[in-house]
Amino acid sequence: MFRRVVRQSKFRHVFGQPLKADQSYEDIRVSRVTWDSSFCAVNPKFLAIIVESGGGGAFLVVPLSKTGRVDKNYPLVAGHTGPVLDIDWCPHNDNIIASGSEDCTAMVWQIPDSTPLRPIMEPVVTLEGHSKRVGIITWHPTARNILLTAGSDNLIIIWNVGTGEHLITIDNHPDLIYNVSWNRNGSLFCTTCKDKKVRVIDPRKQEIVAVRKRAHEGSRPMRGLFLQNGKIFTTGFSRMSERQLALWDPVNFDEPIALQEMDTSNGVLLPFYDPDTNIVYLCGKGDSSIRYFEITDEPPYVHYLSTFSSKEPQRGMGFMPKRGLDVSKCEIARLYKLHERKCEPITMTVPRKSDLFQDDLYPDTAGPEPALEAQDWLEGKNADPLLVSLRDGYVPLKNRELKVVKKNILDSRPAPRRSMSTCDGNFAVCVCVCKLLEEIHSLKVTVQSQEKRICDLENKLSKFTNGTA
């Protein structure tokens, strides 16, 4: 008699559970802009959500502890002149967030630990280089201050936000770019495009390393993720509009390692990946469910685990980094589901009887320290993320200053304070005075050296005229 063998996995019984109503974030007007981004970004200190606002674009940033109803007059981050399309927290500083907008700019913001009394209107730096809307924002995983932006002008631009410099421009996409994903050490990234191709690109050489044509046959948007082992996970649609997921090896892009069809819903699948557990969470826009899969080296390679279902459809989703999880409750993931008027945290938990720290669930994870400086990365160096242990939990640091290698405007500018206009005016005057003093000093040094040279020459001349030389 044939007996089915159940695959052994410590994640077979992972279950999702929404937090209680008083731990949600209520009365938030989530953006209605028609753009396939997640509209939400979260880190161990703050929750950021793109919201509706008049007279430009804005997003809301609240401390994680500020649950319940959010006051309608709560100060927004509101410096863009067009709707905000994408936001992303810096992995190396929990107070720094970047945003992209329909106004063709990307902006980098420093968020104070204390609640601001006024809207934050002045970014730390504005990045201008795109001719159309900026719809994709993503930070480099290991290098300090390296930010990637992609726009509807089909350009990818890499910036050093510490100096505001435009480092690299990549223009090898003939159509709209759907998403960009860095690999583990940031040496490569993969892109999905409206031309149905998945590309692997070396940004420093500005060349395409590998390309797969028609990764998914359907015309709806695709998404791609670099996995920890160098494989690429994609979601898309078949020619019959069935949603698909696929696993690829960039070394051999001819055939997928795995290809699965899911359903016929038309919502774009947003994948979120946890490299520590090798689990991918699929959240469809407009769906009311979250599916999760484990990626292994054994056939069929992509293993379905379970589905979290609820009644309300999701407008967007945020994914908490591992540093922000509660290890005492065996929580392996936390997602922040956006409803029409609220944000609901959903925890993914592995049931365990013991209260001790579970080493197998929590290997060392990427910490908040960068492994490289921007210039090192630009010169060709690579480094994996610097890892930290979660055995004693992770305590977010206070509003920390970035380490300065060269002049870094993220460090030299203070975080926004309550008296915004006075602070900005004094800061500008101080900078101007310092520049003048530096120029005066350099001129004095030059003049003194020239005067000494003139004296030496005059002495030599006098020796010749007196016949003593």
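**Aromatic pairs.** I began with the rings and found that this predicted model holds 10 aromatic pairs. I looked up Trp-182 and Trp-377, which form an edge-to-face pair, with 6.1 Å from centre to centre and 80 degrees between the planes. I noted that this pair links distant parts of the chain, since Trp-182 belongs to strand β16 (residues 177–182) and Trp-377 to helix α1 (residues 374–378), 195 residues apart. I checked the accessibility of the two, and both Trp-182 and Trp-377 are buried.

I then turned to Phe-272 and Phe-319, whose ring centres are 5.7 Å apart and whose planes stand at 20 degrees, so I recorded the pair as stacked. Phe-272 sits in strand β24 (residues 269–274) and Phe-319 in strand β28 (residues 316–319), so this pair ties together parts that are 47 residues apart in sequence. Both Phe-272 and Phe-319 are buried, and I found them again in one aromatic cluster, which they form with Tyr-281 and Tyr-292.

**Nonpolar cores.** I next asked myself which members of the largest nonpolar core touch the most other members. Of its 37 residues, these are Leu-47, Ile-49, Phe-59, Ile-111 and Tyr-336. I listed the elements that give two or more residues to this core, and they are β3 (40–42), β4 (46–51), β5 (57–63), β8 (84–89), β10 (105–110) and β29 (331–338). The largest share, six residues, comes from β4.

I followed Ile-49 further and, leaving aside residues up to four places away in sequence, I found that Ile-49 touches Ile-28, Val-30, Phe-39, Cys-40, Phe-59, Leu-60, Ile-87, Leu-338 and Cys-343. Apart from this core I noted another one, of 25 residues, with Tyr-281, Val-327, Leu-361 and Leu-390 among them. Tyr-281 was already in my notes as a member of the aromatic cluster.

**Asp-86.** I closed with a charged residue in strand β8, an element that I had already listed as giving two or more residues to the largest core. Asp-86 is buried yet has no salt bridge, and I located the nearest side chain of opposite charge, that of Arg-223, 8.5 Å away. What does the side chain of Asp-86 reach at 2.9 Å? I found the backbone nitrogen of Ile-137 at that distance. Ile-137 also appears in the contact list of Asp-86, which, not counting residues up to four places away in sequence, holds Ser-37, Ile-50, Ala-98, Ser-99, Gly-100, Gly-135, Ile-136 and Ile-137.

Technical notes
Residues are numbered from 1 along each chain as its sequence is written. This is a predicted model: local features need pLDDT of at least 70, side-chain atom pairs count only at pLDDT 80 or more; totals for chains, interfaces and linings use all residues. Side-chain values use heavy atoms; hydrogens and water are left out. A nonpolar core is a set of buried Ala, Val, Leu, Ile, Met, Phe, Trp, Tyr and Cys residues joined through side-chain atoms within 4.5 Å. Buried means under 20% relative accessible area, exposed over 50%, partly exposed in between (1.4 Å probe, protein chains only). Helices (H or I, at least four residues) and strands (E, at least two) are DSSP runs, numbered from the N terminus. Contact means heavy atoms within 4.5 Å. Lys and Arg count as positive and Asp and Glu as negative; His and the chain ends are not counted. A salt bridge is a side-chain nitrogen of Lys or Arg within 4 Å of a carboxyl oxygen of Asp or Glu. A polar contact is a pair of N or O atoms within 3.5 Å; within protein, one must be able to donate a hydrogen and the other to accept it, and residues adjacent in sequence count only if both atoms are side-chain atoms. Rings of Phe, Tyr and Trp (its six-membered ring) pair if their centres lie within 6.5 Å; planes under 30 degrees apart count as stacked, over 60 as edge-to-face and the rest as tilted.
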